[in-house]
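Welcome! Take a moment to look over the sequence and the model, and then let us walk through them together.

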Amino acid sequence: MTVQAPATAPVFDAVYARHYAELVRLAYLTTGSLPAAEDVVQDAFVEWWRRCDEVRSPVAYLRRAVVSRCTSWVRRRVRERSRLPDLEVAPAVPPNPDVPAVRSALARLTPRRRAAVFLRYYLDLPEAEIAAALGCRPGTVKSLLHRSLSTLREHLDEH
Amino acid sequence: MNTEQRVRAALRDLVDAVPVAPPPPAAVRSRAQRYERGSGADRARVRGAGHRLAPVLAAAGLMLVVAAVAAVGLLPRWAISPEPSSLRGGGVAGPVLPDRFAGRTPGTASVEAAPPGPAIAVFDHATAGTVDIPVVVGVDGRTYREVGDVSRLTNAGDDPVLLAPDGSALAGGGGSFLDLTTGELTVRPVLPGDTLRDGWKPTVPLAWSPDGRWLAYGRIPVPEGDRTDLALLDLDTGEVTFVTTGRGDGPPRVAFSPDSSELAVSTGVADGGAAIRIFDLAGDLVRELSPPAGHLLAPNGTAWSPDGALLLVQDPQRPRRLAFVDASGTGAAVPGPVTVDQPYGVEPVGWRGPETLLLAAYREPGSASGVPRSLARLVEVPVAGGASRVVSVFPHGERDHVEDVRLASGLLPLAEIRDAGRLDHGPVPAEYWIPRVAGGAMALVAALLAGLLVRRWWAGRRAAP
């Protein structure tokens with residue numbers, strides 16, 4: 001959804017209805033924690049509502065804010081625990097034989113790479129939009145995805 | 001199915017299984033309104049599951065505080081009363097470039113919590129399984145601090161930060177600055193979006209003028225069409241001047257002249273390195289220079305020699321080879337190209353003087369896709385050519401990854417290269433040591449209680465008939 005007007009309550013509700021779940025999943029994959037993901041996404045929506053006059057492209061802003069907050073959250077966790085948090089397992093994952101390999105590969109990726117993988121392979125975003133969400137150059141997206149895919153391929157080959 | 005299809009399918013299964021139950025949007029909006037009114041309750045998640053744990057958390061917090069207070073007395077002196085590195089020894093010692101850089105450790109303090117003072121270097125350091133974080137090295141060469149919240153300075157930690165020529169501050173995207181003496185973060189807006197601290201930072205710093213007054217920024221993503229705007233921020237007045245540099249497909253490479261009066265620009269591979277344009281700081285084109293085919297200005301704002309005579313250029317496809325261009329455009333003679341005797345290429349990081357370049361050498365070959373490589377060492381190379389000399393090494397364990405080395409250009413000619421002595425990582429961050437001290441304290445209490453119970457049980461058994 002492309003929204004260029006400042007947010008009103010109906011605009012807010014429409015963006016919220018359409019993108020809340022996808023943003024929580026982005027944050028979950030990046031942080032590895034569902035409670036943290038819900039916190040981060042709600043904080044991002046709150047921030048958007050507070051700054052609605054300044055934000056012209058809310059979906060891009062929200063993705064960017066979520067990735068940024070997730071990165072900060074993971075950095076704090078890394079400092080506390082000296083390693084990246086594992087990905088919590090959802091209660092009902094379908095019996096896809098590749099899921100364990102992908103999950104263990106994701107656990108080895110930095111939060112930025114996890115986010116890049118989600119934006120590319122879950123949301124199917126083009127590189128320019130991924131770059132906007134991650135706040136980096138499109139060339140950096142290429143290298144992030146290249147490295148991430150190498151790690152994923154190694155794990156898939158092992159399983 | 002190929003790898004990408006398998007990843008796509010597995011990712012969908014993994015992520016779609018996550019139960020997401022959005023709270024009503026009105027509840028989130030009202031939280032924002034409470035926030036505006038300054039209520040503390042707004043910080044809690046709307047669903048508020050954490051409230052049930054409040055008594056437990058309060059008790060745990062009390063224990064942590066007790067443990068922390070006890071532990072402060074046990075910390076070594078250096079850990080609780082750090083001085084900025086520039087103040088040690090009365091501030092009379094000159095800058096030191098360590099002959100061996102240490103990296104960040106889990107206990108390295110942050111710049112924000114324990115400012116290091118002016119720095120000689122900053123570089124991104126990651127070890128396996130951790131994120132890369134800028135590490136600041138003080139002018140004494142032995143003080144190490146990491147940037148505590150790098151997302152406030154860069155776009156998700158992707159873009160490198162710049163170090164001021166005098167080492168006093170870091171410049172990040174979106175007009176952000178981290179003062180290394182006070183640890184304070186400020187924002188000097190370059191573009192309107194720069195006011196969003198946690199949001200998109202539309203500018204990335206490219207070069208800092210030698211006099212410390214000007215910063216050149218590029219836009220991300222680069223504007224489409226035939227123009228690439230550079231923004232010049234005057235730190236004295238806050239004014240921003242835009243320089244239209246011509247077509248390019250990436251942030252341009254730029255360098256200030258040593259007297260900070262001119263800016264050299266090459267605008268990425270779309271130009272094919274065809275021209276280097278020299279602008280004055282009002283944004284007017286002064287002259288154009290022709291580098292060898294395929295060559296661009298050296299990266300990181302390091303291209304202009306300290307005597308103003310040369311511009312250092314490099315062919316991105318041949319990272320071991322360096323060449324020089326007459327900066328005046330008058331046809332003055334320049335030294336011939338230099339092929340550096342480092343196996344995997346080099347990245348210029350500064351000048352030790354008009355005759356000596358300082359380069360960071362890679363420790364692995366490059367890949368066709370341009371995946372970032374780790375840097376291994378700093379080497380000096382004479383402008384006139386000759387063997388390189390290793391002057392410093394970076395952390396080089398199998399798990400270490402070093403990128404984006406930036407040096408304080410104004411301090412380099414004065415810096416002594418030597419063993420910097422005992423490392424100072426600053427006060428161990430509270431979030432690192434409090435859980436460990438508290439855990440130890442709780443284990444001790446548990447052991448004492450267990451001992452008491454065993455003793456009571458044993459005494460009761462002996463007293464029994």
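Why does B:S260 count as partly exposed? B:S260 has 16 C-beta neighbours inside 10 Å, and a residue is partly exposed when its count falls between the cut-offs of 12 or fewer for exposed and 20 or more for buried, so B:S260 belongs to that middle class. Please keep in mind throughout that this is a predicted model.

**The two chains**

Let us step back to the overall picture. Chain A has seven helices and zero strands, and its elements run α-α-α-α-α-α-α from the N terminus on. Chain B comes to five helices and 26 strands. In chain A, 55% of the 159 residues count as buried; in chain B, 43% of the 465 residues do.

Contacts along each chain can be described too. Among the contacts in chain A between residues at least 6 apart in sequence, 61% join residues at least 24 apart. For chain B, residues 24 or more positions apart account for 53% of the contacts with a separation of 6 or more.

**A hairpin in chain B**

B:S260 sits in the loop between β13 and β14 of chain B. Those two strands, β13 (residues 253–256) and β14 (residues 262–266), pair in the antiparallel sense over four bridges. Together β13(B) and β14(B) form a hairpin with five residues between them. One of the bridge pairs joins B:V254 to B:V265 in β14(B).

In a regular strand the side chains alternate between the two faces of the sheet. In β13(B), B:R253 and B:A255 point one way, while B:V254 and B:F256 point the other way, and all are buried.

The turn holds another detail. Most residues other than glycine have a negative phi. B:S260 is not a glycine, yet its phi is positive, near 60°.

**Two open sheets in chain B**

Strands of a sheet pair through backbone hydrogen bonds, either parallel or antiparallel. One open sheet of four strands in chain B has the order β5-β6-β7-β8, with antiparallel pairing. Its edge strands are β5 (162–163) and β8 (185–187) of chain B, each pairing on one side only. β5(B) pairs with β6 (residues 169–171) of chain B in the antiparallel sense over two bridges, and B:L162 stands opposite B:A171 in β6(B).

Another open sheet of four strands follows the order β21-β22-β23-β24 in chain B, again with antiparallel pairing. Here the edge strands are β21 (346–353) and β24 (389–393) of chain B. Neighbouring strands of this sheet are turned by 30° against each other on average, direction ignored. Within the sheet, β22 (residues 356–362) and β23 (residues 375–382) of chain B run antiparallel and are joined by seven bridges. There, B:A361 has B:R377 in β23(B) as its bridge partner.

The table gathers the antiparallel pairs described above.

| Strand pair | Bridges |
|---|---|
| β5(B) and β6(B) | two bridges |
| β13(B) and β14(B) | four bridges |
| β22(B) and β23(B) | seven bridges |

**Helices of chain A**

Now for the helical chain. Helix α1 (residues 9–31) of chain A bends by about 50° at A:H19. After α1(A) comes A:G32, whose phi is positive, near 85°.

A:H19 also appears among the contacts of A:L62, a residue of helix α3 (residues 58–81) of chain A. Beyond residues up to four places away in sequence, A:L62 touches A:H19, A:L23, A:A44, A:F45 and A:W48. A:L62 and A:H19 are 43 residues apart along the chain, and their C-alpha atoms are separated by 9.1 Å. Is A:L62 buried or exposed? A:L62 is buried, because 25 other C-beta atoms lie within 10 Å.

Two packed helices are described by the angle between their axes and the distance between the axes. For α5 (residues 111–121) and α6 (residues 127–134) of chain A, the angle is about 145° and the axes are 10 Å apart. Their crossing is right-handed. On the α5(A) side the residues A:R112, A:A115, A:A116, A:L119 and A:R120 take part, meeting A:I130, A:A133 and A:L134 in α6(A). By class, this contact has six nonpolar, no polar and two charged residues.

The loop between α5 and α6 of chain A holds A:D124. Although A:D124 is not a glycine, its phi is positive, about 55°. A:D124 is exposed, because it has 9 other C-beta atoms within 10 Å.

Terms used: Residues are numbered from 1 along each chain as its sequence is written. Chains are lettered from A and ligands numbered from 1 in the order in which they are written. This is a predicted model: local features need pLDDT of at least 70, side-chain atom pairs count only at pLDDT 80 or more; totals for chains, interfaces and linings use all residues. Two strands pair if DSSP finds at least two bridges between them. Axes are lines fitted to C-alpha atoms, for helices over the stretch in contact, and angles run from 0 to 180 degrees between N-to-C directions. The bend at a residue is the angle between axes fitted to the seven residues ending there and the seven starting there. A crossing is left-handed if the near helix is turned anticlockwise from the far one by less than a right angle, and right-handed if clockwise. Two residues are in contact if their C-beta atoms, placed from the backbone, lie within 7 Å. Ala, Val, Leu, Ile, Met, Phe, Trp, Tyr, Cys and Pro count as nonpolar, Asp, Glu, Lys and Arg as charged, and the others, Gly among them, as polar.
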